[in-house]
Amino acid sequence: EDKIFMNSINQFIPETILSLLVSKNAKEIEKGINNIYDDLILYNDNKEYNIFFNFISFNDIIFTCSNICLYLLKKNYIPPKITVVDILGVFINNSKYIEIIQVIKEFGECIISLLDYLGDSNQKLREKTEKLIFEYTKKTKSQNKIINLIINTPIKKNLIKSRNHLNGRYLMVSKIVYLGGYYKNNFENILKYAINGYALNKINVRDAALDIIIT
């Protein structure tokens, strides 16, 4: 996995940064991803930047960052994941990136991976993730797509019994349904999902499911 990742971006990332990202040390990984985030902010603000953005194209910047984010979302370290969400947010919250991020496969895979952090026990990661997914849904007008991902993406074994994770999924669907814009032919799927949630013996999940039904 490390080799595949390195091969995908080694033409864009200097060895000093790449070695930090693939380190087994959480502090080094955090240092590497923070360097990239800081440089992205400078690039986005049209200020001086010096890691790698000066040498690659607009599309390659998003492709490279998406690959890095996807790689780190599969790791166990929380602090780098928080920075990953911040990096993805830079692209989502700037209109000049919106069309591009929708056609970069790795960026879409990052959004799917982030579904696992809805309702996460780490408050900062949970809140940033929930905000990011909702903003992505609004900015890309992908209400139906994200609802279907939440409903149909299998829950990982270690999260199946998590009340907070289930609640996070139902709350996100509730927010998106309230936002509107989903296809009417998806109404039955959404309602079935809500009814299933309301049938669970978990109070907060039932409340979120009921919100969907009421909306």
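In the predicted model, threonine 137 is found in helix α8, where it is buried with a relative accessible area of 0%. Leaving aside neighbours within four places in sequence, threonine 137 is in contact with Ser142, Gln143, Ile146, Ile176 and Leu179. Two of these partners, Gln143 and Ile146, recur among the buried residues of α9, which are Gln143, Asn144, Ile146, Ile147, Leu149 and Ile150. The buried residues of α9 pack against α7, α8, α10 (163-179) and α11 (187-198). Between α8 and α9 (143-152) lies the loop that holds lysine 141, a residue that has a positive phi of about 55° although it is not a glycine. Lysine 141 has a relative accessibility of 69% and therefore counts as exposed, the cut-off being over 50%.

Helix α11 contains glycine 197, which at 0% relative accessibility counts as buried. With residues up to four places away in sequence not counted, glycine 197 touches Tyr170, Val205, Arg206 and Ala209. The C-alpha atoms of glycine 197 and isoleucine 212 are separated by 9.9 Å, the two residues being 15 residues apart along the chain.

Helix α4 comprises residues 58-73, and at 1.5 Å a residue its 16 residues should span 22 Å, a value that agrees with the 23 Å between its end C-alpha atoms. Twelve of the 16 residues of α4 are buried, so this helix is largely enclosed by the rest of the structure. Among the buried residues of α4 are Ile61, Ile62, Cys65, Ile68, Cys69 and Leu70, together with the polar residues Thr64, Ser66 and Asn67. Helix α5 (residues 78-92) has 15 residues and reaches 21 Å from its first C-alpha to its last, close to the 21 Å expected at 1.5 Å a residue. Because twelve of its 15 residues are buried, α5 is likewise described as largely enclosed by the rest of the structure. The buried residues of α5 are Pro80, Lys81, Ile82, Thr83, Val84, Val85, Ile87, Leu88, Gly89, Val90, Phe91 and Ile92, and what covers them includes α3, α4, α6 (98-101), α7 (105-114) and α8 (123-140).

In soluble globular proteins, nonpolar side chains tend to be buried together. The largest nonpolar core of this model has 66 residues, and those with the most contacts inside it are Ile36, Ile68, Phe91, Ile101 and Phe107. Helix α4 gives the most to this core, with nine residues. The surroundings of phenylalanine 91 can be listed in detail: not counting residues up to four places away in sequence, phenylalanine 91 touches Leu40, Ile61, Ile62, Cys65, Tyr97, Ile98, Ile101 and Phe107. Of these partners, Ile61, Ile62 and Cys65 are buried residues of α4, while Ile101 and Phe107 are listed, with phenylalanine 91 itself, among the residues that have the most contacts inside the core.

The largest pocket has a volume of about 260 Å³. Its lining consists of Leu73, Lys74, Lys75, Asn76, Lys81, Ser113, Asp116, Tyr117, Asp120, Lys156, Asn158 and Leu159, which by class gives three nonpolar, three polar and six charged residues. Two of the lining residues also appear in the account of the helices, as Leu73 is one of the buried residues of α4 and Lys81 is one of the buried residues of α5.

Towards the start of the chain, phenylalanine 12 is found in the loop between α1 (2-9) and α2 and is buried, with a relative accessible area of 12%. Phenylalanine 12 and leucine 132 are 120 residues apart in sequence and 26 Å apart in space, C-alpha to C-alpha. Leucine 20 is found in helix α2 and at 13% relative accessibility counts as buried. Outside its neighbours within four places in sequence, leucine 20 is in contact with Glu28, Ile29, Lys31, Gly32 and Asn35. The C-alpha atoms of leucine 20 and tyrosine 136, which are 116 residues apart along the chain, are separated by 29 Å. Lysine 24 lies in the loop between α2 (15-21) and α3 (26-44) and, at 65% relative accessibility, counts as exposed. Lysine 24 and tyrosine 77 are 53 residues apart in sequence, yet 9.9 Å apart in space from C-alpha to C-alpha.

Notes: Residues numbered from 1 in each chain as written. Predicted model: local features only at pLDDT ≥ 70, side-chain atom pairs only at ≥ 80, totals over all residues. Heavy atoms only, no water. Helix = DSSP H or I, 4+ residues; strand = E, 2+ residues; numbered from the N terminus. Expected span 1.5 Å × (residues − 1). Buried < 20%, exposed > 50% of the residue type's maximum accessible area, 1.4 Å probe, protein only. 1 Å grid on protein atoms, 1.4 Å probe; cavity = no way out; pocket = protein on both sides within 12 Å on 5 of 7 lines; lining within 4 Å. Points joined across faces, edges and corners; volume = space filled by probe spheres on them. Core = buried A, V, L, I, M, F, W, Y, C linked by side-chain atoms within 4.5 Å. Contact = heavy atoms within 4.5 Å.
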